[in-house]
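Q: I have a model open beside its sequence and would like to learn how to read it. Could you take me through it step by step?

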Amino acid sequence: MTMERATQIELIRELLDLHDRRSPFLDEHWEKPDLERYQSGEFFAREREGIFLALPQIASHASELPGPGAFLTLEMSGRPLLLTRDEEGVARAFYNVCRHRGAQLVADASGCRQRFSCPYHAWTWSNAGKLIGVPHEKAGFPDLDREEHGLHALPCEEYAGWIWVSFAARDSIDVQSHLGDLAPDIVAMDAETHVVFDTTSRDIEANWKLLVEGGIESYHFRVAHKDTIAGLFLDNLSSYRCFGPHMRSVLPRSSLSELRDKPEESWNIGEHANVLYSLFPGSQFLVQEDHFVWIQGIPMGPNRTRMRLSTMIPREANTPERQGYWRRNHRLTTTTLEEDFDLGEGIQRGLGSGANAHLNFGRFEGALVQFNRIVDEAIAGNA
Ligand code: FES
Ligand SMILES: [Fe+2]
């Protein structure tokens with residue numbers, strides 16, 4: 001498991017105590033968030049500026065750029081990106097936009113190339129972003145400064161097995177300070193020893209925040225997941241802590257109560273609970289016993305979010321004999337999360353109806369209150 005023993009014991013004790021008292025994890029108050037924040041274009045524009053264009057985000061797992069020459073393209077924060085690994089093995093991020101007349105430079109989703117040639121007039125760049133070819137350069141672009149026309153690069157850092165990108169106008173990013181006190185947990189996950197077993201991606205017709213909120217409370221497990229995972233978890237029992245804008249939630253499985261009769265030194269939280277790390281704003285890691293799931297939400301508009309679910313498995317466990325096991329795991333994850341996404345789409349459809357003037361977050365849904373506070377603070381420039 002990924003966290004210090006003392007922390008594990010403290011978190012387990014807290015949950016066992018609540019379970020003994022038949023109490024959920026309760027915050028002081030319940031809250032009534034307004035609906036505008038889930039549907040207004042104006043609010044979404046402020047989130048884009050204050051959050052998605054301002055903070056470092058995970059763009060890909062390191063293994064998705066497996067070696068020199070590897071590349072992939074994606075859209076994040078409404079902008080087309082090209083990620084590459086150059087000949088020295090350094091991960092780089094660029095806009096996927098030609099510097100001649102702005103054509104989309106690379107159409108393929110991924111592959112391996114040393115150079116990228118624009119499909120319009122064949123200006124060509126190396127995978128380190130250097131301009132290396134311009135047809136009829138002397139006649140058409142006398143004195144062209146090639147240095148000035150490298151691909152437009154974005155701050156990019158490979159950290160803890162992930163490729164992080166920022167759209168903020170800086171030269172570099174500091175992922176470790178962005179993660180703050182959560183950094184040791186994220187490093188200890190050892191993501192660099194994992195590979196992507198499979199990814200399922202779908203555009204969901206719901207605001208990105210509804211989809212985060214769907215994952216950080218356990219009030220709904222017994223009802224919404226009755227056909228999938230409900231039986232594996234304790235009813236309406238989970239805890240959370242905030243780490244700056246990030247959050248760590250503990251979702252205890254039914255077996256947690258067995259720990260009462262066992263010595264604390266033998267407690268291992270990973271055997272009896274799923275731990276969910278919500279890295280603000282766009283990625284969540286759902287840590288399970290022998291693997292984890294990377295849930296990436298990419299907002300495409302106020303009512304649309306691209307959700308990518310990746311089952312991340314230890315590299316050495318990616319053997320032919322275990323393919324069936326991992327496939328079943330991936331299917332259970334996607335089926336369960338589809339249940340959440342369908343609910344999110346239903347909420348979004350109802351928002352404009354006038355049925356509700358506000359939503360209701362109960363005292364055991366305090367993680368949702370905190371998450372929305374974090375959004376508001378980030379918009380105000382304090383994340
Ligand atoms: S637009 Fe790319 S080479 Fe002309
Ligand atoms: Fe759920």
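Q: How far apart do the C-alpha centres of domain 1 and domain 2 lie?

A: Happy to start there, and keep in mind that this is a predicted model. The C-alpha centres of the two domains are 33 Å apart. Their contact involves 23 residues of domain 1 and 21 residues of domain 2. As for bounds, domain 1 is assigned 5-54 + 181-379, and domain 2 is 57-172.

Q: What area is buried between domain 1 and domain 2?

A: Interface size is often expressed as the accessible area lost when the parts come together. Here that area is about 1700 Å², with carbon and sulfur atoms giving 60% of it. On the domain 1 side, Phe52, Leu53 and Trp294 supply 24% of the area buried against domain 2, more than any other three residues.

Q: How many salt bridges are counted between domain 1 and domain 2?

A: The count is one. Separately worth a look is the salt bridge of arginine 308 with glutamate 64, whose closest N and O atoms are 3.9 Å apart.

Q: Which protein atoms are donors of the iron ion (ligand 2)?

A: They are NE2 of His220, NE2 of His225 and two OD atoms of Asp340, at 2.1 to 2.4 Å from the ion. Along the chain their spacing reads H-x4-H-x114-D. Histidine 220 sits in the loop between helices H7 and H8 while aspartate 340 is in helix H10, so this pair ties together parts 120 residues apart in sequence. Both histidine 220 and aspartate 340 are buried.

Q: Why is the arrangement around the iron ion (ligand 2) irregular?

A: For four tetrahedral donors, the ideal angle is 109.5 degrees. The four donor atoms here subtend angles of 58 to 150 degrees, and therefore the arrangement is irregular.

Notes: Residues numbered from 1 in each chain as written. Chains lettered and ligands numbered in written order. Predicted model: local features only at pLDDT ≥ 70, side-chain atom pairs only at ≥ 80, totals over all residues. Heavy atoms only, no water. Donors = N, O, S within 2.8 Å, 3.2 Å for Na, K, Ca; no water. Tetrahedral: all angles 85-135°; square planar, octahedral: opposite > 155°, others 65-115°. Helix = DSSP H or I, 4+ residues; strand = E, 2+ residues; numbered from the N terminus. Buried < 20%, exposed > 50% of the residue type's maximum accessible area, 1.4 Å probe, protein only. Domains from an automatic or database assignment. Contact = heavy atoms within 4.5 Å. Buried area = accessible area lost by both parts, 1.4 Å probe. Salt bridge = Lys/Arg side-chain N within 4 Å of Asp/Glu carboxyl O.
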